[in-house]
Each structure stands twice: as C-alpha cells, then as structure tokens.
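Me: I would like to go through this model step by step, with each answer reasoned out before the result is named. Could we begin once the sequence and structure are on display?

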Amino acid sequence: MQSSAQTAADPGLDRVLHAALTDESLELPPPPAVAVEVTRLTRADVSDGGNVDTNAAELARLIQRDVALASQVMRVANSALYARRSPVVTLPQAIAWLGMREIRTIAYAVAVQGQVFASTYFRREMTELWRESVITALFAQEIARLKRRNVESAYLCGLLHRVGFAIVLARVGSAALTHRLTPDPGLVLQFAAEHEAHVGAQLAASWRLPPAVVAAIANWRSPAMATESRFEVMEVALARQISDELRTPGAGGELPDSMLGPVSKWMDELSIYPDELFSIMAQRAAIYATAESFI
Amino acid sequence: MNAAAPARHFDVVVIGSGPAGQKAAIQSAKAGKRVAVIERDRQVGGSCVHTGTIPSKSLREHALRQRVRQVNLMDEPIQSLLDGVGETVAAHDAYMAAQLERNGIELLRGRASFISPHELALKRIDGSKGSVRGEIIIIATGSRPRAPVQLSVDHEHVLDSDSILSLAYLPRSLLVLGGGIIASEYAAMFAALGCKITQADQLDRPLAFLDPELTTFYVEELRRNGGEYIPCAEAVATRWDGISQVRTDFKDGRAIFADKVLVALGRLANVDGLNLEAAGVALTSRGHVQVDDQLRTTTAGIYAAGDVIGPPALASVSMEQGRRAACHALGLLVPSDPVSRLPSGVYTIPEIATVGLDEHGARRHFGGAVVGRARFEEIARGQINGCQRGLLKLVADPGGRRVVGVQIAGDSATELVHIGQLGLAAELDVDAYVDNVFNFPTMAEAYRIAAFDIVKQRGRSTTSDIVADAVSAVL
C-alpha cells in the first residue's frame, strides 16, 4: 500500500494510514440510531403486535436512508448463506428476499458496529459524506426516472458510489485512536480520495455488489472510462455535478458555465436537454429536505 | 454560444429518425433530393429501437425459450434476459446511421419547432440554436406512452411501456392495465416468463380490433400461462405500499395487489414543442397530426407519418407510411395497395397476425362471407413442432371464390401471414391455395386445409357478378 508523498513525510501518520488499509475486515460505520430504529420496527412486527405492513414500509424507507445498513443488507442478501443463482440488485428485492427476521439480525450486527464506530474520529466528515451520497442518490434516481432507466439501481449507485471513501475514513479514524495519533484531516481526506476507488472495488467484490454499483464506484470521477454500466455511471456523475452546482447560492436559474464542458458531454450522452436538467434541478428543495431527514 | 447561424436549406426535412422518418428520408434521398433528418436523441431509430420493438422482442425470445426449457427465471435479472440487446441496438443504430450517411442524408441533432410552414428552429443539447428550411417537411416524431395522472406512473413501481424493461428483476406478479397490442404483448411475455399476470381493461375483451376468435385464443393462452384477463375494469388509482406491493383500485370497487403495475393505456403523439400552430398543422380530436389518405397535413408541403398520425402504430406500417409520404410529396409513383392491405403482427405468445378483411369486415362489406378454418393440431408440422394450438382463418367473398383476408393465431403467425398477403396482392382465388403444392411438412399447409374448408362450403353459397364487382371495388 502506497501512501501519498505528503503523508510519507510523517512516519506516524503513514503508519496509521497503512494500518487503516491492511486490516481486511473493512466495514462501514453505520449511524447507530438507525440500527436501533430498525430493531424497534422489526421487533414490533413479531412480538408487540405491530402493524406488519406499516412497519415493513417504514423499514424499507429506513434502510434506504442509510448507506451502512443498505450496504449490509445487500451484502447479506448476496452472501453465500443466502445467495441465489443471480445477485440481488435492489434494496426492496433484498428486503423481500431476506424477510423481516433476517433484517433484524442484520440490524443487530450493524448496531454493534455502530457502537464500535460511535467515537469515530471523522464524524463531521462522515456526515458530510453521507449527505453528499444521499443527495447524489436522489438526483441520480430522478435522472433515471426521466430517462426511463432503473430508478432503484440509480439510487443504489448514488448511495454507494463513495463507499470506499467512507471505509478508508472510518478505518483511519479508528487506527488514529488506536495509535493515539492526530492526523491532519486534510491529508486524510486526500489519502481517502486517492484510495477510495480500489478500496471500494475490494469491498464491491467481496460484497458482490451489482455491476452498476461497482462501475459507479470505480468510474464516477471519469465516466468516459467506464466500459460497463456506462449509463449508470454517467447518471451518478451528472447527479454529483448537479449537487455540487446547487451548493452555489442562486444557482439553478440558467445553465452555468461550470456545467458545460465535461458535463455537457454527459448530458449529450444521456440525451438530457437543458430544460430537462432544470426540471431535475428544480426538485432541489424537496431533495435537500429529504436528505436532511436522512441525517 | 447562443449565436444563431443562418438557416440551412434542404429539399426535404424529416423530423424524427424512427421507422417512418428513416424510410421517408431514404426514399427522398433516393429521389435525388437534399435531405436532413432532425433527431433529438443521441441515437437514431426512435423508440422502436431503444425502448420498443427491438428490446421487447429480445425479451420475448427468452420467454419463448423459457416455454420450452421450463426453467425458473424469477431469480434472473432482466438485464441478463436482455443479453445481447445492447449490441443489437448498437448494431442497428450504427447500421441506420451508416445508411443515412450512405444516402447523403444529413443528421442534425436537436429539437425542432416550426417557425413557419417551411422553417424550423433547432435547439441543440448544449443550448445553442440554429434553423433549417425545407421545401417539404415530414413530421415523424412518433409517440410516447399515455400516463393518466390518477395512475401515478413513477417508472419505479408503476411503469409504462418505456420503463418496463428497466426493471432490475422479474416481478412475481404484474398487473397490466390496458387491452391493446402493447399491453397484450407484455402480458403474454411476462406470463410466459413465469410472472403471475393480471390484465385488466375497460373493454370486454383484449385486442378488441381483432376477430373475436383470435382474441378468445389469446385469452385462453394467457390463462394457460397462469394469467387472467379482467374485462370491463377501469383503474382509478394506484398506490405503492412502501415495500413490495402496488395496490390498484378500480371503479367497480375492487382492488388488485401486484409487485409492479404496467400502464399501457394507449400512446400520445409527440407533438409537444413542435409549435405546429406556426405552421398551421391541425391535430385530430385525439391529438394526432391530421392527415389525408396521401399523408398530407392541413398545410401544403407538410406531411406526417408513423405513430404521430395515430394507430395502428406498428413499425412495419410506419415504415411504409414514411416511404409513401415521401413519394406523395415528391410526386413519385405510389403503390396502389391501400395501407390497410399491410399485415398486422401482434407479438403475443403465441403470435397473432392478420391481413385484409376479417370475417366481420367481409360480412359488412359484401353482405356475407365464407370462412375456411385450419387448426394447427391438424397440421403435421404443428404436431412435430409442438405447435398444436393455433388457428388460421381464410376469409373469402360470399361466393367462396376470392380470398379477402387472412387471420392467424399461433406460432409463426407473423411469418405465415405473408403468404396470404401476397395472395391478396396477386388477387388469388381460393382454388390457388388448393392447386398449389406447398412443402410438406410445413405450417403453410394450414392455407390448403382452410382453402379446402371453403371449397367444401361452396355448395351452400353462390357467386354472383354483383358480389364479384363489390369485392373488386373494396379490394
């Protein structure tokens, strides 16, 4: 594992970063509150006489809001224990396949992990990463809806496209605590960005994530490099550009120069005209409100 | 970047590159005209290539194989059932683009809207603008699925015929709303793939424009695959339950639950944004571009073809309409056959195909008809192939001499119908199907069997000159 030139100057930090990526048990840091909520919902289903339909619907919404739990659900649904002849590719399919009882088991596991990562070093950065992923997922699904592509797959690609970054960040935070070091957040973010693609790819392979998610993780920064699931990768890339653009106050009135160049190429490939892009951007308020409710 | 260039001039400008637009453009180019095609999407070919005919028929092939193999495909991602379709579409796309180029046709990317009867504004995807002038303009913008607001099509749980193939996996149950060709084709296809199908429509039978014997056959086959058709059922609302089921409420108070819902309740002409008012082009009461029998719109020099002018919205018919629109516009010789003589193919499982008049139509026109039937169970090839369920109806004039139509339901129907089509074009009489020897064993034997059936019935009918004249007038 090669760390960047900047980090190599600090042997202590280099050791931490190295340690962060040599531990093979890579797990995502889940927000414990969500896992607890999942547990409550699934328990009510079987023991408290809860309304099964209501709880199931609420459970689906809850899982879709959480990158860690969603990833876990997908991983378990595709694990050797449950594997079908073909991978499970969407969350509703995974939930239906696993059933409430198994979802509860996963929730317990995630809750334990949540406790492990509760004092994680990069809570603020992780929250921002989560927000960014959710917003990307929500915009990606609107792009998919417009182009009559699979909405669930677009959402999952958006939600998990930076899963590698989350893992690296969490592991560095954990290692920093273990080794009692205080890494420079800027350097760590740079380190995470450098390694997120291959760490994400590792995770995608071991979790048997769907090919479109694998492609999004590997190529969202440069969709032209995608040899498979190119459409889904471009959906994610464009969704991120929309998200980034809308951070600018007053944005959304007209096609900004920043969205020409490479983005216009994606719009071209996706056959999305400016007015269609604006119709997606016009959903900003609803999407941001939804994203905030996820956090 | 928004500086508009001067208008470019062409003899013929075709809006849309689907089956109608493509054939109109090529016909015009072959006549030596300078032609441009305006296409809003990156790929040429229209919905036929990208969301309709080609992808759906690829899935259908899997359904047919599934019928033979009896393999459970419910775990199979739909994209794997569409294997090769990406390559097929790309190859078709490349072929069509090359065909346009080879014929010297200029492909302009963007959205067109009329400025005047002979001038179109062109808005490109990067926001830049241009304009194009054409002595003749042919509108071939196709159609899109109609999505009644109350049915909340979200392309995720409640889908239309454009988004149905974006499904990640086969639903365990699918409610198909509609009784037309698209609804019936998807109902048959997903039923054959192993989904629990419920098809519901306001009409008392699906494919109501067809001979009732054929639709009865379709419903029976759907039932054999575990599906059902619910007649006289008008859906008024759909609601996803948040996890796995969509509830659909009907006007009569019933509710049906299914994993997914396909709304296939007709199609709307793609005329939005064309600014037809600026050209004086009128629409019909159903929102299609109004044309006469020469495919002329209400404005001189502007023609329309394909789905944008309304049913039957079949690729084969659209192609021919496109070709004929160009021929009419350029004063070229136009085939004398009426477009109604073109065959119709419905890719249900099994297939249904028809050409000419059906029994009801013949009785209406001639005051009677003699109908010969051949059931596939009587045909040796059907026995060999396992295609024992099927029916061919040969419809003749009241004297039992002149063939006026053919209707077929069963495997290979869309191929078999072409024998009847050529027979109609050649004005063959019933005896020609008896006297000519077909290969044995073939499904074409059905024609002979049906013809013999007519010959047997002739004794009960008489031919008169009046009837013969009436037949000639209609055909």
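Me: Does C232(B) count as buried, partly exposed or exposed?
Reply: This is a predicted model, and local features are considered in it only where pLDDT is at least 70. A residue is buried with 20 or more other C-beta atoms within 10 Å and exposed with 12 or fewer. C232(B) has 13 C-beta neighbours inside 10 Å, so C232(B) counts as partly exposed.

Me: Where in chain B does C232(B) lie, and what is its phi?
Reply: C232(B) is placed in the loop between strand 11 (228-230) and strand 12 of chain B. Its phi is positive although the residue is not glycine, and the value is near 50°.

Me: Which strands stand at the edges of the open sheet with the order 12-13-14 in chain B?
Reply: The sheet has three strands in the order 12-13-14, with antiparallel pairing. Each edge strand has a single partner strand, so one side of each is left without a neighbour in the sheet, and the two strands in question are strand 12 (235-240) and strand 14 (255-258) of chain B.

Me: Which residue is the bridge partner of A235(B)?
Reply: Strand 12 of chain B runs antiparallel to strand 13 (residues 246-250) of chain B, and five bridges join them. Within strand 13 of chain B, the residue paired with A235(B) is F250(B).

Me: What is the phi of S152(B), and is this residue buried or partly exposed?
Reply: S152(B) sits in the loop between strand 7 (143-145) and strand 8 (158-160) of chain B. Its phi is near 45°, which is a positive value in a residue other than glycine. Because S152(B) has 16 C-beta neighbours inside 10 Å, the residue counts as partly exposed.

Me: Which helix of chain B packs on the sheet with the order 18-19-22-21-20?
Reply: The sheet is open, with five strands in antiparallel pairing, and its edge strands are strand 18 (344-346) and strand 20 (370-375) of chain B. Neighbouring strands in this sheet are turned against each other by 10° on average, direction ignored. The helix that packs on the sheet touches strand 19, strand 21 (391-396) and strand 22 (403-409) of chain B, with its direction at about 5° to that of strand 22 of chain B, and this is helix 7 (residues 212-224) of chain B.

Me: Which proline lies in the loop between strand 18 and strand 19 of chain B, and what is the omega of the cis peptide bond that joins I349(B) to it?
Reply: Strand 18 and strand 19 (residues 352-356) of chain B run antiparallel and are joined by three bridges. The proline in the loop between these strands is P350(B). The cis peptide bond between I349(B) and P350(B) has an omega of about -5°.

Me: How many residues of strand 2 of chain B are buried?
Reply: On one side of strand 2 of chain B the buried residues are V35(B), V37(B) and E39(B), and on the other side they are A36(B) and I38(B), leaving both faces covered. Strand 2 (residues 35-39) of chain B is thus mostly covered, and the number of buried residues is five of its five.

Me: What is the handedness of the β-α-β crossover that leads into strand 2 of chain B?
Reply: Strand 1 (residues 8-15) and strand 2 of chain B run parallel and are joined by four bridges, with I15(B) standing opposite I38(B). Between these strands the chain passes through helix 1 (residues 19-30) of chain B, and the crossover is right-handed.

Me: Which helix of chain A gives the most residues to the side of domain 1 that touches domain 2?
Reply: Chain A is divided into domain 1 (1-26 + 120-295) and domain 2 (30-116), and their contact takes 14 residues from domain 1 and twelve residues from domain 2. The side of domain 1 of chain A divides into ten nonpolar, two polar and two charged residues. With five residues, the element that gives the most to this side is helix 8 of chain A.

Me: Which residues of chain B are in contact with E152(A)?
Reply: E152(A) is found in helix 8 (residues 151-160) of chain A. E152(A) has 21 other C-beta atoms within 10 Å and is therefore buried. Leaving aside neighbours within four places in sequence, its contacts include T90(A), L91(A) and P92(A), while those from chain B are E156(B) and A168(B).

Note on methods:
Residues are numbered from 1 along each chain as its sequence is written. Chains are lettered from A and ligands numbered from 1 in the order in which they are written. This is a predicted model: local features need pLDDT of at least 70, side-chain atom pairs count only at pLDDT 80 or more; totals for chains, interfaces and linings use all residues. Two residues are in contact if their C-beta atoms, placed from the backbone, lie within 7 Å. Two strands pair if DSSP finds at least two bridges between them. Axes are lines fitted to C-alpha atoms, for helices over the stretch in contact, and angles run from 0 to 180 degrees between N-to-C directions. Domain bounds come from an automatic or database domain assignment. Ala, Val, Leu, Ile, Met, Phe, Trp, Tyr, Cys and Pro count as nonpolar, Asp, Glu, Lys and Arg as charged, and the others, Gly among them, as polar. A crossover is right-handed if, with the strands pointing away from the viewer, the path from the first strand over the helix to the second runs clockwise.
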